[in-house]
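Open the model in your viewer and keep the sequence panel beside it, since this tour moves from one selection to the next. At each stop, make the selection first and then read what is there.

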Amino acid sequence: ARHVVDGCTQAAIVVADGCDGEQVTALQQALFDAGAIGRVVGPRIGPFTTKGGDVLDADASLENEPGVLFDALVVPGGRESTAMLATDGRLLEHVKDQYRHCKTLMFIGEARTIAEACGIDPGAEDPGLLLVARWSPRAPSTFIKSLARHRHFERETDPPSV
């Protein structure tokens, strides 16, 4: 496998009950293959049930691992998980912190509404902001390509726009 990022690179993959577990698994594998770590982060540490009925274990929580500790953030699709996460102020702060630090963000399916809830312009020309309407097998490689850039300084404004 060709490593495009270093082994210290960590992406937060944010989950809640009802998230798309197949997306989480595919992203974790793609990140691993690229030399990075996909950490499962939830509103709390512990098990979450995917929309397919599988169980994912979050080893970090939105409370104990601030957004600035991660190099990127992904919110997988899932109607139930998105509805719950959209009301969690800790996730919104995670997203805003990552955005302000010019890091790669990816929102899949219904999760795109979380970006808008944070005040992120969905029409912005921003290679580090990936709003994926429909999941495809190419989504993880697009994310990793953006992550390999590390930061997207063209997003930076003073004062911050988000």
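Is His152 buried or exposed? Select His152, which lies in the segment after H5, and show its surface: His152 is buried, with a relative accessible area of 0%. Here buried means under 20% relative accessible area, exposed means over 50%, and partly exposed is in between, with a 1.4 Å probe and protein chains only. Now display what surrounds the side chain: apart from its neighbours within four places in sequence, His152 is in contact with Cys102, Lys103, Thr104, Asp126, Pro127, Gly128 and Ser146, where contact means heavy atoms within 4.5 Å.

Before going on, note how to read the model. It is a predicted one, in which local features need pLDDT of at least 70 and side-chain atom pairs count only at pLDDT 80 or more, while totals for chains, interfaces and linings use all residues. Residues are numbered from 1 along each chain as its sequence is written, and side-chain values use heavy atoms, with hydrogens and water left out.

**The whole protein**

Zoom out and switch to a cartoon view, where you can find five helices and eight strands; these are DSSP runs numbered from the N terminus, helices being H or I with at least four residues and strands being E with at least two. Followed from the N terminus, the elements run β-α-β-β-β-β-β-α-α-β-α-β-α. The C-alpha trace spans about 45 × 40 × 30 Å along its principal axes. For 162 residues a compact globule would have a radius of gyration near 15 Å, and the 14 Å of this protein agrees with that; the radius is taken over C-alpha atoms, and the globule rule is 2.2 Å times the number of residues to the power 0.38. Of the 162 residues, 51% count as buried.

**The sheet**

Next, select the strands of the open sheet, in which six strands follow the order S5-S2-S1-S6-S7-S8 with parallel pairing; two strands pair if DSSP finds at least two bridges between them. Strand S5 (60-61) and strand S8 (129-132) stand at the edges, and each has a single partner strand, so one side of each has no neighbour in the sheet. Begin at the S5 edge, where strand S2 (residues 37-42) and S5 run parallel and are joined over two bridges, and label Val41, whose bridge partner in S5 is Ala60.

Then move to S7, residues 104-108. How many of the residues of S7 are buried? Five of its five residues are buried, so that S7 is mostly covered. In a regular strand the side chains alternate between the two faces of the sheet. Turn on the side chains of S7 to see Thr104, Met106 and Ile108 pointing one way, and Leu105 and Phe107 pointing the other way. S6 and S7 run parallel and are joined by four bridges, with Val75 standing opposite Phe107. Four bridges also join S7 to S8, again in parallel, and here the bridge partner of Met106 is Leu130 in S8.

Add helix H5 (residues 139-148), which lies across strand S1 (10-14), strand S6 (72-75), strand S7 and S8, and runs at about 160° to S7. The axes behind this angle are lines fitted to C-alpha atoms, for helices over the stretch in contact, and angles run from 0 to 180 degrees between N-to-C directions.

**Charged pairs**

For the last stop, show the charged side chains: the whole structure holds eight salt bridges, a salt bridge being a side-chain nitrogen of Lys or Arg within 4 Å of a carboxyl oxygen of Asp or Glu. One of them joins Arg39 and Asp59, at 3.1 Å from N to O. This pair links distant parts of the chain, since Arg39 is in strand S2 and Asp59 is in the loop between strand S4 (55-58) and S5, 20 residues apart. Arg39 is buried, at 15% relative accessible area, whereas Asp59 is partly exposed, at 44%.

Now select Arg90 and Asp88, which form a salt bridge with their closest N and O atoms 2.8 Å apart; Arg90 is partly exposed at 31%, and Asp88 is buried at 9%. Finish with Glu154 and Arg149, whose closest N and O atoms are 2.9 Å apart in another salt bridge; Glu154 is partly exposed at 45%, and Arg149 is partly exposed at 43%.
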